Amino acid sequence: MKPSPPEPAEKKGHICPPSNAKHPSDRWESLFVYGFICRFTQLRGKVEGLNSPMDFEEALLSPEPNPIMTQILSRFVLNLRPGTRNLSSDVISSTVAGVLQEYFKTSERTVFWDDTLKANVDPFQDMPGGFFAADWDMKLKILRQLVELQLCHSQQIKAIIDRAWGVVHNKHKKIEMSALPPPPGDPQSQERLQLIPLGQDKDRKRYWVIDDSPRVYMSTNPWKITATFQTIASTRDEYIAVVEKVKENAPPEAAPGGRRSKLETAHLVLLKALQDRIEVIDNELARIQRAQRKLQQRNLLIASAELRETRTRRRTNRPDYAYLNGPQSEDEADEYTYQSQDQEDDDYEDQMDVDDMENPGPRRRAAAGTRRSTRTSAANGISKGANDDWTDWRGERRSMRLGAPTDTQLDGPPPPKRARTDDSAVSGNSGDAPVQSGKANGSLKVKVNGAAAMKPTEMAVETVAGKKKSKFWYYAVEPIPGPPAPNGAAPTSNGTSPRGGGKEPLDGMSDGPLENGGRYPSTTPSASASASASNADDLYERSIGGSLSPAESGDES
């Protein structure tokens, strides 16, 4: 029997020696992660403060939650798990740990693969403080692993790569064909997505640039395990120094008819590429300065807004009225206490005396008086040297309660109105006559002018038979000329007419009122009605003529 073949030895993966870098700028992972950010995301143009690799490294070195690093982690998580919501700075660490644990469960080897355990080890087990509390080396490893997972598993990132290289999946299926590869100038073109060195010198050293900043990396052959990586320029002065050094080490001009070697040609191409980037770097530095200046101004505005008050109105003092001078407390000043008119006048005079003592002078003396009109003073012929005590009262509206004389008051009764009826004009009560009122029968207030004035032939009575008595009106009774009623009966009340809003009296033998808007005399036979039937129409027309004038509201009692 043939002996069984020996079991093949387990193949070990490509393991690079540990780096001894003291700063993230000397680690190739920094170039790898920042290059992915610039090529596959839009964080560099949207996140404030992320303008160069130096800003990324400062965020990586920050021991506290940094907004730049929070935005980077959020974008990476959304590319791997679209629709994630827990992306704030206080929970982003646990969210990243949950995303990594999903991929650590598979047999795919990651940066955190353990050969002894044959499994991936969760790095967050040894980080009780979360992602931001870890050192920059562990943060850089986690970011590198997230970038590798996106390049392999993110559908969005894979679609960008497939479109740039013209890869079409499932050609046999009738699906919409993708567009042609983007042109070279497109940000998502194959030429722009590749991370290749800018060139190499004659010593086979590669020079790497990732954006338009003056940052330049230099490395040896990256395909060897012993490759080194370091930063040689971060500012414009350092970049100019690198250009001068490459220029000094440039190969001499070739002999006539001779040919240069590939290394010499590459060195000259590198020198030209570095020189062409100087103008681009200047423009980029100017843009970064404008962005930083804008960010500083915004921070200053935010700081000043926190210091000043949020009032939208001007600060004003409480109005100091005459009766609120010297309040004992704010609560007492807000409460209103009733004061009589005499007390208010005394307080006002006392306050004017105090003001005169504090601000003496003729101008203050003149202002201490009441408000006057020079037009009315000139019209009344009042001089400043008059001895009249009531000089300041003339030409103003003053009430009796302030103690002004009657001749200086302008609040008198309104002038009487002219009568509009013929009967009122005939009675001799002119509209220009003063308003008068008289008493009849000791208790009635009888009108002596206006449309409702008593006629000389009438007399006022409080009530008549069958009518209501009231204190608001009286009845004007006028005897009707004619033969006396039989059997010594009292004169009829057909000639009565109401005054002051009253109603007409009823006839003693009839069933309705007469005259002035009432019903016609009843057809019921009676002695008085038959006796005065001949002159009833004349009496009605004469009485209706004196009562058609509208009673004015000001003349009613």
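Visitor: Let's start with Tyr-34. Is it buried or exposed?

Guide: This is a predicted model, so everything here is computed from predicted coordinates. To sort a residue, look at its relative accessible area: under 20% counts as buried. Tyr-34 has 2%, so it is buried.

Visitor: And Phe-56, is that one buried or exposed?

Guide: Phe-56 is buried too, because its relative accessible area is 1%.

Visitor: How many aromatic pairs does the count come to?

Guide: The count is seven aromatic pairs. Tyr-34 and Phe-56 make up one such pair, with 6.1 Å centre to centre and 40° between the planes, a tilted arrangement.

Visitor: Why does the pair of Tyr-34 and Phe-56 tie parts of the chain together?

Guide: Check which element each ring sits in. Tyr-34 belongs to helix H1 (residues 28–40) and Phe-56 to helix H3 (residues 53–61), so the pair ties together parts that are 22 residues apart in sequence.

Visitor: What about Phe-36 and Phe-76: why is that pair edge-to-face?

Guide: Look at the angle between the planes; over 60 degrees counts as edge-to-face. The planes of Phe-36 and Phe-76 are at 70°, with the ring centres 5.7 Å apart, so edge-to-face is the label. This pair links distant parts of the chain, with Phe-36 in helix H1 and Phe-76 in helix H4 (residues 67–80), 40 residues apart. Both residues are buried. Phe-40 comes into the picture as well: ring pairs link Phe-36, Phe-40 and Phe-76 into a cluster.

Visitor: Staying with H4, what does Thr-70 touch?

Guide: When you read contacts, set aside the sequence neighbours. Not counting residues up to four places away in sequence, Thr-70 touches Leu-87, Ser-88, Ser-89 and Phe-132. Thr-70 lies in helix H4, and it is buried, with a relative accessible area of 8%. You can also compare spacing along the chain with spacing in space: Thr-70 and Ser-93 are 23 residues apart in sequence, while their C-alpha atoms are 9.1 Å apart.

Visitor: Where is Ser-88 found?

Guide: Ser-88 is in the loop between H4 and helix H5 (92–104). Its relative accessible area is 36%, so Ser-88 is partly exposed. Its C-alpha atom is separated by 8.9 Å from that of Gln-71, which is 17 residues away along the chain.

Visitor: Now the strands. In which order do the four strands of the open sheet come?

Guide: Follow the pairing from strand to strand. The order is S3-S4-S5-S6, and the pairing is antiparallel. Strand S3 (199–200) and S6 are the edge strands, each pairing on one side only.

Visitor: How many bridges join strand S4 to S5?

Guide: Three bridges join S4 (residues 206–208) to S5, and in one of the matches Arg-206 has Ser-219 in S5 as its bridge partner. On to strand S6 (residues 229–233): four bridges join S5 to S6, again antiparallel. There, Met-218 stands opposite Gln-230 in S6.

Visitor: Which residues of S5 lie on one side and which on the other?

Guide: In a regular strand, side chains alternate between the two faces of the sheet. In S5 (residues 216–219), Val-216 and Met-218 are on one side, Tyr-217 and Ser-219 on the other. All four are buried, and both faces of the strand are covered.

Visitor: Which strands does helix H9 lie across?

Guide: Helix H9 (residues 236–248) lies across S4, S5 and S6, and runs at about 105° to S6.

Visitor: Zooming out, what does the secondary structure of the protein come to?

Guide: There are 17 helices and eleven strands. Of the 557 residues, 31% are buried. For contacts with a separation of 6 or more, 46% come from residues 24 or more positions apart. The accessible surface is about 38,100 Å², and carbon and sulfur atoms account for 52% of that.

Visitor: Last one: what is the mean pLDDT of the protein?

Guide: Where pLDDT is low, the predicted coordinates should not be read in detail. The mean here is 74, and 57% of the residues reach 70 or more. Residues 363–369 have pLDDT below 50, with six contacts in the model beyond near neighbours in sequence. Residues 382–386 are below 50 as well, with four such contacts.

Technical notes. Residues are numbered from 1 along each chain as its sequence is written. This is a predicted model: local features need pLDDT of at least 70, side-chain atom pairs count only at pLDDT 80 or more; totals for chains, interfaces and linings use all residues. Side-chain values use heavy atoms; hydrogens and water are left out. Buried means under 20% relative accessible area, exposed over 50%, partly exposed in between (1.4 Å probe, protein chains only). Helices (H or I, at least four residues) and strands (E, at least two) are DSSP runs, numbered from the N terminus. Two strands pair if DSSP finds at least two bridges between them. Contact means heavy atoms within 4.5 Å. Axes are lines fitted to C-alpha atoms, for helices over the stretch in contact, and angles run from 0 to 180 degrees between N-to-C directions. pLDDT is the predictor's confidence in each residue, from 0 to 100. Rings of Phe, Tyr and Trp (its six-membered ring) pair if their centres lie within 6.5 Å; planes under 30 degrees apart count as stacked, over 60 as edge-to-face and the rest as tilted. Accessible areas come from the Shrake-Rupley method with a 1.4 Å probe; for residues, only the protein chains shown count as cover.
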